[in-house]
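Open the model in your viewer and keep the sequence panel beside it. The stops below say what to select next and what is there.

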Amino acid sequence: MNSRLTRTLASVTFALAVLCGLAFIGTGVTHMLDDGAVCVQTDFWRNASLADDLPIGKGVKASSSATRLCQDSPSAGQRAADLGGELPWLLFGSLALLLFSRLLKAVQMQGPFTDAVAQRLSVLGWFITLGTPLAGLVVGWSQSWLVGSMAPVAGSGPTVSGPLVLVLAGLAAVIMGKIMREGVRMREDLEGTI
């Protein structure tokens, strides 16, 4: 199935994977060399009352929804936790796009209903299924630890951040890969009997 759309999508996804990889490297290098403040946003104080001198109407209550904390001279651990809040999703995106590009390349070279395509679809599905909560856990825990290092009253602990709905897409890809693999086996059996 060497169509123009498949070739274009394979090239575009590979280019996006490279761009995400370069963003991953660039973000890591610039953050480690930067000596500026490290900031994190928390909703620990959500629904907390604000000061009484705000210009609001009579009978209106003001509460905060998010608090932004910044450390002017961060420690190495705080800088690393700040990186842990950004880098995992860039790495995850880069690798997922690279796997998708390889899947499209296999479709382009061998056709859509082959064992190689079914295996690559399953690998992509498992990567998304397991990588999404792992990246979310690293990001959530990094941000939680960073908040706890700046405001000890907030504490820190394992939290998961990010779009966990991607796990469903990953599981769907795993199931479709298994269905395709069975279809390939059935076709090979039919070709062997005829």
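Burial is graded by relative accessible area: buried means under 20%, exposed over 50%, and partly exposed in between, with a 1.4 Å probe and protein chains only. This is a predicted model, in which local features need pLDDT of at least 70 and side-chain atom pairs count only at pLDDT 80 or more, while totals for chains, interfaces and linings use all residues. Residues are numbered from 1 along each chain as its sequence is written, and side-chain values use heavy atoms, with hydrogens and water left out.

**Whole chain**

Start with a cartoon view of everything. The chain has five helices and two strands, and from the N terminus on these elements run α-β-β-α-α-α-α. Both kinds of element are DSSP runs numbered from the N terminus: helices are H or I with at least four residues, strands are E with at least two.

Of the 194 residues, 34% count as buried. Among contacts (heavy atoms within 4.5 Å) with a separation of 6 or more, 79% are between residues 24 or more positions apart. Switch on a surface: the chain exposes about 12000 Å², of which carbon and sulfur atoms supply 65%. Accessible areas come from the Shrake-Rupley method with a 1.4 Å probe, and for residues only the protein chains shown count as cover.

**Helix 3**

Select residues 87-110. Helix 3 has 24 residues and reaches 35 Å from its first C-alpha to its last, close to the 34 Å expected at 1.5 Å a residue. The expected span is 1.5 Å times one less than the number of residues.

Which residues of helix 3 are buried? They include Phe-92, Gly-93, Ser-94, Ala-96, Leu-103, Leu-104 and Val-107. Their cover, and that of the other buried residues in helix 3, includes helix 1 (4-33), helix 2 (76-84), helix 4 (115-150) and helix 5 (166-193).

Two residues in helix 3 deserve a separate selection. Pro-88 lies in this helix and counts as buried because its relative accessibility is 16%. Not counting residues up to four places away in sequence, Pro-88 touches Leu-83, Ala-135, Val-138 and Val-139. Arg-102 is also found in helix 3; at 43% relative accessibility, Arg-102 counts as partly exposed. Put a distance label between the C-alpha atoms of Arg-102 and Leu-124: the two are 22 residues apart in sequence and 9.6 Å apart in space.

Just past the end of the helix, select Gly-111. Gly-111 follows helix 3 and has a positive phi, near 105°.

**Helix 4**

Next, select residues 115-150, which make up helix 4. Helix 4 has 36 residues and reaches 52 Å from its first C-alpha to its last, close to the 52 Å expected at 1.5 Å a residue. Where is the kink in helix 4? It lies at Gly-131, is about 30°, and comes shortly before the proline Pro-133. The bend at a residue is the angle between axes fitted to the seven residues ending there and the seven starting there. From Gly-131, look back to Pro-88: their C-alpha atoms are separated by 9.5 Å, with the two positions 43 residues apart along the chain.

**Salt bridges**

Show side chains for this stop. Side chains of opposite charge can pair when their charged atoms come close. A salt bridge is a side-chain nitrogen of Lys or Arg within 4 Å of a carboxyl oxygen of Asp or Glu, and a search of the whole structure finds two.

Select Arg-181 and Asp-115, whose side chains meet in a salt bridge at 3.7 Å, N to O. This pair links distant parts of the chain, with Arg-181 in helix 5 and Asp-115 in helix 4, 66 residues apart. Arg-181 is buried, with a relative accessible area of 18%, whereas Asp-115 counts as partly exposed at 33%.

Then select Arg-185 and Glu-182, where the closest N and O atoms are 3.2 Å apart. Being three residues apart in helix 5, Arg-185 and Glu-182 are separated by about one helical turn. Arg-185 counts as partly exposed at 42% relative accessibility, and Glu-182 is partly exposed at 42%.

**Nonpolar patch**

Finish on the surface. Select Val-12, Phe-14, Leu-16, Val-18, Leu-19, Leu-22, Leu-91, Leu-95 and Leu-98, which make a nonpolar surface patch of about 740 Å². Patches are made of residues with over 30% relative accessible area and no salt bridge; like charges are joined within 9 Å, and nonpolar side chains (Val, Leu, Ile, Met, Phe, Trp, Tyr) within 5 Å. Helix 1 and helix 3 each supply at least two residues of the patch, and helix 1 gives the most, with six. Leu-19 is in helix 1 and counts as exposed, at 53% relative accessibility.
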